[in-house]
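Trainee: Could you go through this one with me? I'd like to hear the reasoning behind the labels.

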Amino acid sequence: MRHPGFKSFTALSVILIMTLYGCQNRQDSIKILKPEDALATFELEEGFQIELIAGEPLISDPVDMEIDEFGRLYVVEMHGYPLDLSGSGKIKLLSDTDGDGVMDKSIVFAEGLMLPTGIMRWKNGFLVTDPPHVYYLEDSNGDGRADIKEIVLSGFAVSNPQHNVNSPRLGLDNWIYLGHEPAVSTHTFQDLLGDKGSEIHFPSGPEAQRLPQNAGGRSVRFRPDSFELEVLASRTQFGHTFDKWGHRFVINNNNHIIQDVIPARYLSRNPYLPVSQSTVSISDHGNAAEVFPITKNPEHQLLTDVGVMTSACGITAYLGGAFPSRYDKAVFIAEPVSNILHIDLLSDNGTLFKASRQHPDREFLASTDSWFRPVNMYIGPDGALYLLDYYRQYIEHPEWMAEEVVNSGALYNGKDKGRIYRITAKGTKPLTWSNRLDFGNFSDQELVKKLADPNIWWRRNAQRLLLDRKMETVPLELLELAKNESQPEGRVHALWTLEGLGEITHELIMAALLDKEAGVRKNAIQLAELHFSENPQLEPALLQMVSDKDPKVKFQLLCTLGFLKSKAASMAREKLLFENLEDEWIQVAALSAPFEENRTLMSTALKNYQKDNPAYAVLVKRLSAMTASSMDINAIMDLIRKGTMSHTEQSNHWQAPLLSGLAQGLQSKNLEGTDFIQAENMLVNASFENPSIQIRQASLELLQVIGVPTSLRSSALGEKAKNIAGNKELSDTERVIGINLLSLLNSEDNKVFFKSLIKPTEPNEVQLAALKALSRISDNSAAELVVELWPSFTPVIREEGLNTFMVNNDRISILLDAMEKGIIQANQLGWPRSVRLMNHSNIPLRTRARLLINKEEKSNEEILQSYQASLTLNGTPLKGQIVFQQNCAVCHKMGEDLGTAFGPDLATLKNRRPENLLNDILLPNLSIADGYDLWSVEMQNGENLQGLIASETPTTILLRNAGGQERSISRQDIQSLKVMEMSAMPSGLENNINPQEMADLLAFILNNK
């Protein structure tokens, strides 16, 4: 099952199985272990024990669970995975009636759910995620069955379940957080799973806040009682978790632990801040980290080989307080494809955390049984870690399976099975909580005491129950706990409980700001943020914290101070920024303040600029990009004057990043009618005369964005640029500057000169610049020259040559003519260009392109058959590296040193089976891999862009293209954004390499160290 959070296809694209080892239903031919027998297949960390507490026939297909305040266990069953949307999902109520610690009774609490993905106790019932809805279910008459069913939220996409809304979790701050990410494109099952969602809204609150379609593919938080609804800056696949101080961690199939660093409410304050990412992968052992399964014969059922993280899900920070103290900062991750439970230990890393392995070469829990599918975890009232086992033969979604597998009848093998295990320290007695808790009837004072319990289950539920009671009088014990430095976890829960009750005071917040525990101080700052307007005395208390030693406290302080507009707050932000400038996230936090509050930072940055500290260049570039994005012409002109000013002895090192930032900020703006004549004059002069090559380059970069008016295009300047471009005594960089200047000043009259530079005796940089200059001329001379010289072009020049055709319809027609004549081959286009041509808006061009690109395509079977010899030939890794560099490196990395980060890192594939890897290479477009959709972006200024969305925040998206080229785009500059529903991964590799070269390539990938 490619269950929520289950397998991501970290390959050249996606997977086609060549054989199914017999495509009939194999459940009868494979030994299925009984629940009690499965225990013998486990290898568990020393010092722990594992026991079965529930299994079939009581439950099957479990994906989430909740234990309420009376010890009643509710289990979410997703039977419909992968393709059954008929409403087979259920929630079961389990009980241990004889007190032996094993569930023996099951009641159907709710049924008729489609693909339910999560559950959370709320009020007298439960919130259940079952896209497109979040339901509230309640048993109002005590018969164990839900008789109230209300839609709380609606509008989420119904896509492949691993991308659907999931995992409702109550945060320390009294908000409910939902795991969520974009809907994935699907072709094979478009009718079933192609729903893209609608506006996210409260059906019972028509006037309440609404979020854009499917929340823009980001996670969501909400408050049902007050109809509050917010989109977060980050996304997650299946699962998310919090540490005890409220830091949130999210997950992706092949990236098992990601820190959610900065919330959307801060980034949204400054739409001009160019930040396209709000999260950071914190694993010190890499993305698609190596794992260590012990599964016997995993190839019988799996589409992916074992060996790397490929289905990470159910991330859970252990806060149960019942394990040895070294596990207090442990985070558990389920990995169902590899039949393991992974563990990382967190440590502080400045503003961030670092996640490290517990052991270099083994997992916390592993099973030899290939049907063992851990998908989620839960911390119980006893501090035990409860592990949900989906127990299925197939975990992958059929979108990524061979047709014979889908039709074999085996997709649902195991849907009548499922287990829940209890992991505890050795010697722990069987569970005793089932139907034996009376927590819901505790007095207010007893609940307050539980706010300081070592186990998060008691703390979180005590906070929830206290808020539900809406007490008229706040217990004295709650106020006392909110002041108690000796119980930091309890103090934080008490403070947020008082906040939820509307009874927090500025005195309590100010006292907590002085707590010796950094986590308490961080939360106190967040609380202060909510009460500035009615408690102005909170501001000076916060300002006194600028000397706090803890990086995470300083980061939160900077985020919060961004809401204050006083001069003192501005000075405090400035102090924190420049004392911690090397920390990237400190910069982001400081600059997230409203743009007007950051105007004074530029002068300080330039005054204190340190040329040997790269952080200063980053800051100056960000500040100038913000100014440019704001379109404050006077401020832009002032920066251009400073950036182009010539210094007799030595240029200021801040000038180049300043000008480069302006170019970045103006790049996507509509500059029509904008008067930059003075700026253009200064930039032209700087491009020619400034003694610093870096400043000349940056001036030219900005000049290329804003243009050069006719009044400045003198023949003398043109001749000067031409002399620079043709002077072989100068460096390549200087000559390229000359070519680009000539292109801006007088390109039309210099076609012959540009053509003279496009020859093998010239350096590549010079040839490329000349070809680009020629291409900017509006006629077809560049396209015609490319056709003429195509046979002599090297691969680098050919790549740019192909770009010259994609400018307009006339040039595309010339390209298609060249293809018809056999001068340019279809397989030389590259997949992104092929996609554009085959989806062109001009119907005659599109028809021609499709005929030319597809005319020699073989069937999938023919392609695979023709390369079967590659699996038996002896491959040479060294030769395979050459094949990689010639054919794959433009889109893929191989570890840290080789290639470009566009598609997945091929170093993660070293444990795949050769036959499956061969399929991925030859047939990458049978379906679109997660995260490799190609997007079309239409800009406000008329520009059209395409690429992968590498990352995004509420204000910015990062678009990435083949070759690793990236462009940060402000959302306010986007006219439209739509997925093209085509993979960005190229096909047609069989036209470029022979079977022996394929064998070498396989050897290189599979033997990568």
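Mentor: Start with the contacts: among those joining residues at least 6 apart in sequence, 67% link residues at least 24 apart. Keep in mind that this is a predicted model.

Trainee: What makes two residues count as being in contact here?

Mentor: Heavy atoms within 4.5 Å of each other.

Trainee: And what share of the protein counts as buried?

Mentor: Of its 1009 residues, 60%. There are 33 helices and 35 strands in the protein, so let's pick a few.

Trainee: Why is strand 32 called largely enclosed?

Mentor: Buried means under 20% relative accessible area. In strand 32, residues 944-952, 7 of the 9 residues are buried, so the rest of the structure largely encloses it.

Trainee: How do you know that strand 32 and strand 33 pair?

Mentor: Pairing takes at least two bridges. Strand 32 and strand 33 (residues 956-960) have 4 bridges, in the antiparallel sense, so they pass by that definition. Leucine 948 stands opposite arginine 960 in strand 33, and 3 residues lie between the two strands of this hairpin.

Trainee: Why are helix 21 and helix 22 called roughly antiparallel?

Mentor: Angles over 145 degrees earn that label. Helix 21 (residues 715-726) and helix 22 (residues 732-746) pack at about 150°, with axes 7 Å apart, and they are therefore roughly antiparallel to each other. Their crossing is left-handed.

Trainee: Which residues make the contact?

Mentor: On helix 21 they include Leu717, Ala721 and Ile724, and on helix 22 they include Gly738, Leu741 and Leu745. The residues of this contact divide into 8 nonpolar, 3 polar and 3 charged.

Trainee: Why does Gly738 not go with the nonpolar ones?

Mentor: Because Gly is counted among the polar residues in this scheme.

Trainee: Now the sheet with the order 11-12-15-16. What makes strand 11 and strand 16 edge strands?

Mentor: The sheet is open, with 4 strands and antiparallel pairing. Strand 11 (166-170) and strand 16 (228-231) each have a single partner strand, so one side of each has no neighbour in the sheet. From one strand to the next, the twist averages 20°.

Trainee: How do you know that strand 12 and strand 15 pair?

Mentor: Same kind of check: the cut-off is at least two bridges. Strand 12 (residues 176-179) and strand 15 (residues 220-223) pair over 3 bridges in the antiparallel sense. Across that pairing, tyrosine 177 stands opposite arginine 221 in strand 15.

Definitions and conventions: Residues numbered from 1 in each chain as written. Predicted model: local features only at pLDDT ≥ 70, side-chain atom pairs only at ≥ 80, totals over all residues. Heavy atoms only, no water. Buried < 20%, exposed > 50% of the residue type's maximum accessible area, 1.4 Å probe, protein only. Axes fitted to C-alpha atoms, helices over the stretch in contact; angles between N-to-C directions. Parallel < 35°, antiparallel > 145°, perpendicular 65-115°, else oblique. Left-handed = near helix turned anticlockwise from the far one by under 90°.
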